[in-house]
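Student: I would like to go through this model with you. Where should we begin?

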Amino acid sequence: MALVGLNMVSFALIDPTTQQILKGDEGLSADGIYKVDTKDLGSKTANITGLTGSSTKRYGNNVAQMVNYGAAAPQIAWDGLNLDFDTKQKIKGFTPDSKGGWLPADEPAHIAVLIESGSLSGGSIYFGFGNATAVESEANVQTNDDNKQIVDDALTISALDTIAFGHKPFKLYNSADTGFDEPTMLKEVFGGYVAGTGTGTSTGTGD
């Protein structure tokens, strides 16, 4: 099944121990979920690697008889156009000093991430990461010339063990599956998330 486009990337802060979503001032929004939509000019790429662990061939009778695979260790190279400044610092785990400054924390924040792509067959394919950390390893600041030199927001996200996924680092969802239920997916990925009455948080492409 071919993937088509990048429909939406959503983030949330979670408790590092319980992996439950954080809301309000402790989180990224009133209900905890922050969608990178048109207010942030959207996401450019979410390059996911490490979905399968490294392989080791096992030999018998002088030929390869089987292959052992190590544990998956997914990483996401996420590139956005204009992510809200405060939100990005919270995602990285930085803390404000109430004077306009943000300090790196001793440990990165724990986050949940949901990446939505389309499918040639119709519907959406989701990559859910219920427990991860994010770092911003560089900022290539350049002088303007005849054109503005714009530096995108770039985060490297590393997926970790997720309780809701049976201690796996990620989970795939297919909206075309007859058993698919969006509220259940959101509850799993975003640590117990339940949409408030009338809020109807959506991960679709309408934003």
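Tutor: We begin with pLDDT, the predictor's confidence in each residue, from 0 to 100. This is a predicted model, in which local features need pLDDT of at least 70 and side-chain atom pairs count only at pLDDT 80 or more, while totals for chains, interfaces and linings use all residues. Residues are numbered from 1 along each chain as its sequence is written, and side-chain values use heavy atoms, without hydrogens and water.

Student: What is the mean pLDDT of the protein chain?

Tutor: The mean is 91, and 95% of the residues reach 70 or more.

Student: Where does pLDDT stay under 50?

Tutor: Over residues 198–207, for which the model has 26 contacts (heavy atoms within 4.5 Å) beyond four places in sequence. Where pLDDT is low, the predicted coordinates should not be read in detail.

Student: Turning to helix α2, which residues are buried?

Tutor: In α2 (residues 182–189; helices are DSSP runs of H or I, at least four residues, and strands are runs of E, at least two, numbered from the N terminus), M185, L186 and V189 are buried, meaning under 20% relative accessible area with a 1.4 Å probe, protein chains only. Seen down the axis of α2, the directions from the axis to the C-beta atoms of these buried residues fall within an arc of 95°, so they line one face of the helix.

Student: What do the buried residues of α2 pack against?

Tutor: Their partners are β9 (111–119), β10 (124–135) and β12 (171–174).

Student: And what comes just after α2?

Tutor: G191, which takes a positive phi of about 45°.

Terms used
Buried means under 20% relative accessible area, exposed over 50%, partly exposed in between (1.4 Å probe, protein chains only).
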